Amino acid sequence: SNGGLAARLVLFSKGDWQRLWEAALRDGATNVAHTAARSARAAAATDLLSPVDAAAAAKDARTKRALKLAVEGSPSAALSAMEGLGSAPPTEETYELLQSLHPADPGGDHPVPDNLKREGDIHAAQVNISRDDVLKAVTSAPKRKSEDGFGWKVEFIVHLMSDSNALDALSNILQYMCRGSLPELTAAAFRSARLVALLKPDPGGVRPIGIPLVWRRVAGRIFNARCKDALMTVFIGLEGRVVQFALGRPSGPQSMSIAIQELLAANPTWVLISLDVKNAFNSLSRLAMAKGVMTSPMKYSFGFFHMCYHTPAQLIYHAASKVYKLMSRSGATQGTADGMQHFSLGQHPLLVEAATPYDDVHILSDADDSNIIGPPDQVTAAVRDVNRLFAENGLILKKADILLGADLTTMENDPTGTAADTLRADIESIIGEGKVTVADSGVIAGAGSAHADGIRIVGTPVGSEEFAAAFVEGQVDKHSQRLTNITLLGTVCPQVGLLLLYYCCIRRMNYLMQVVPFSVAPTAYSRARQEIITAWRKMLDINDDDMAGHGVKERIALPYYLGGQNIPDFQTAGNAAAAGCWAAVACDLKYTVKGLRDLGDPGTWEPRWGHIRRVFDWLIAAGPHVTAVLPDLEATYIDATPRLQGKLLHALYQTDYEKFIANTAEHPSDYRDVAESRCAQARSCNHEGALAWHLVFCYAKHLMLSPTQVKTVVRFETGMKQPGLAHGHRPNLNHMAADANATVVGHKALNMASTGRGGYYTTHNAIVRVLMTIMVACGLNASTNCRALIGALEDTDTDTVGDLHVVGLNNCNNGLLIDVSLTHPISAKGKAKHRAAHESGHAALQVTKRKARRYGDLPAQAGMEFCAFVLETYGWLTQDATDLLKRLAKHHAENIDIMRLSARDSTNALAGRRYR
């Protein structure tokens, strides 16, 4: 029905790349013109408004866009939209700025010599691309990203994977590409890219991002997968004195930050010089990258590199209703799967060459951020060599930050400031006057030190405790503004607000606590958590009286899988994060960085700042659950235990959960029935899928809950009172509005049809509808017509049994029969059902046993499998129900969607729907 699309498909099938490219440019120009016209009309309308109304209109537009991005599953992009970040305006000024960021290559437009190409072609000819390679690359590629110059996205080629001939054809095309044997006209199209300009935090700065053809993205991912193991060793030079942390290293930024701290702590007379390179990715000589490829174990990727970079590539930028063409002549394309790898392969040998003459110099890098550590005289000489080698290969040093070791600080051992002034003068003579800053504090200054200086390395503080604490304070201030935006969004859609609160605030604070433990900045971290709770309360209309309820604050701090709200106590989360990160990183650093070979050896090493010892002391005192998973760190504090952070968190949360249950059961001010009902309600939420709806990004509208539903459900989950909840029409519910017990029996009002607020029958049918939707999406034949399938049961007069009949999920001739049940851990009178207060999911398990006795062997006699899909009001799912969802997810991944729906996605989908 789309004539333009049909015409382009014809051109594509004929291989008429030139006309296809021209058509794409025309369409792009038309789209930009339409967008510019809409923007102009919107601007004209805004000009008629008062400044206050105009600001409100702009905020409303940002809110709508953020909601759209969040629903599409892009939380970070949604937050960026709320904060006004994103792309630079499509103007000629932006185009001119982009043009200035794409310089000429020092080696000319064809920098790769013929002899290097001939040698590379020999290795490239050995590359073979299989169907499995293509499948893995496509399934792992990020989805919902911008389209390329031809309008393609990864999602568009997913459907090709189901066709065997199309998959073979695509594999062959990618093999030609990876060997570098495509015809030049075709190769020119494949190495071209659509250019976008992203705003930098610095005013007036932009970052050029190239969006290459989707086929090149897939090829880049294939090589990345093949090079994964080699990357662990290829970027370790001079026996560990030169290390690139951006590729192949666990927790790269955190690892490099800790390594720098440890080197300076162990060598207080050393200095650190952090170098910043101007426009590094777009300036590095492509000859340097080619040599890096050919001197690495990844020689076989030379053909792909040569296709992408042996000659200038065309970049297309749409601005001011025009189409601009730029030429990329040097550097690697930012935004591609291969860009970081090729840049690092070109830069790393230069750093190795610069460090070779100086025995104590270490150069630790994260992408283009290089940090040189060592004795002052050797570091100065190494910086001079780095500057020379960089300049020969197109890179220009923009500035340098210097951190003096503890024994070189001007405030103690050098009162005249000679060391700092001399070092500053030496470095300025190399990179230019006014481009150097000096911090006067060493990293081993302990608590109470007079020093408060340091520098920032890849988003982490390196310096004294005071500097780290001040850094955290600054980050919390930034989070305050971010929380304001999230709260604004959450008042419109609480479900999206809660998602952003978790993904964009709590997770970011956890990252910070990995490198700056809680004990360093307890006041700042406590303020951050309190602000997060305040934002959470505003989105859900929760007041002080609600928070004062018994056990509410404790439950909020528990994770979702234990029935909490996943806003952890930051001392708990922070100590687990610091210990887990330290254990994993320190173990790797000990065998990677040459100057840290004795890291953790008894009698020769003190943990950085003393922080880690304090962290582990706190963890050891936290209880038996925690000590059971702690490695034996008494002597070394280093262990290779995988996923230690997660195991510690699980143990700490379990300890807190058990304390909460014990405190609730023994609360003296409550009657026994109320206490047990609260315990039963809390235990019913103690299931991985019970509260998982909080983390469901709403890819479909039917998963969205209304603001009223979200607020009501969260109150039920935390045991708060329900103001405004309608009285039940049954006598034993009429007391709900005034009775404190309404907190734990309020779910009965929502699940009774007579209340008009959903009702048991409606809730039951909603669960059936959700299962039906999932099964249809999995390509199964599902029906709710279950009459006379297995005959009448002994305790019923009708032939109507079961709720769903599914064919195609198992090997049984007559399919699978499902009986859905919703039960309650608390009776209508407010008392916990038998053992519900002492055993999680007991009410659901009892229903499952009753269903099994009722059906007996009738399904098997009819050639069918039977499943009792039972869940409790607060979300507990039986093992049978969870196993069914996992089977559906596996069937979906293997037979329907190459994008792999996970078992947790299916569980979350059901959890997000069940309250409707």
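Which strand holds glutamine 244? In this predicted model, the answer is β4, a strand that spans residues 242–244. Glutamine 244 has a relative accessibility of just 2%, so it counts as buried, the cut-off being under 20%. Its side chain gets to within 2.8 Å of a backbone atom, namely the nitrogen of alanine 367. Alanine 367 also turns up among the residues that glutamine 244 touches, once those up to four places away in sequence are set aside. The others on that list are Phe235, Arg249, Ser344, Gln347, His348, Ser365 and Asp366.

Next come two helices that pack against each other. Such a pair is described by the angle between the axes and by the distance between them. For α9 (residues 164–179) and α11 (residues 214–227), the angle is about 75 degrees and the axes lie 10 Å apart. The two helices are therefore roughly perpendicular. On the α9 side, the contact is made by Leu170, Leu174, Met177 and Cys178. Helix α11 brings in Trp215, Arg216, Val218, Ala219, Ile222 and Phe223. Sorted by type, the residues of this contact come out as nine nonpolar and one charged, with no polar ones.

Helix α5, covering residues 92–100, has its own buried residues: Thr94, Tyr95 and Leu98. Because they take up an arc of only 100 degrees around the axis, they sit on the same side of α5. As for what they pack against, the partners are the strands β1 (193–199), β2 (206–212), β6 (313–319) and β7 (322–328).

Notes:
Residues are numbered from 1 along each chain as its sequence is written. This is a predicted model: local features need pLDDT of at least 70, side-chain atom pairs count only at pLDDT 80 or more; totals for chains, interfaces and linings use all residues. Side-chain values use heavy atoms; hydrogens and water are left out. Axes are lines fitted to C-alpha atoms, for helices over the stretch in contact, and angles run from 0 to 180 degrees between N-to-C directions. Helices (H or I, at least four residues) and strands (E, at least two) are DSSP runs, numbered from the N terminus. Angles under 35 degrees count as roughly parallel, over 145 as roughly antiparallel, 65 to 115 as roughly perpendicular and the rest as oblique. Contact means heavy atoms within 4.5 Å. Ala, Val, Leu, Ile, Met, Phe, Trp, Tyr, Cys and Pro count as nonpolar, Asp, Glu, Lys and Arg as charged, and the others, Gly among them, as polar. Buried means under 20% relative accessible area, exposed over 50%, partly exposed in between (1.4 Å probe, protein chains only). A polar contact is a pair of N or O atoms within 3.5 Å; within protein, one must be able to donate a hydrogen and the other to accept it, and residues adjacent in sequence count only if both atoms are side-chain atoms. The arc is that of the directions from the helix axis to the C-beta atoms.
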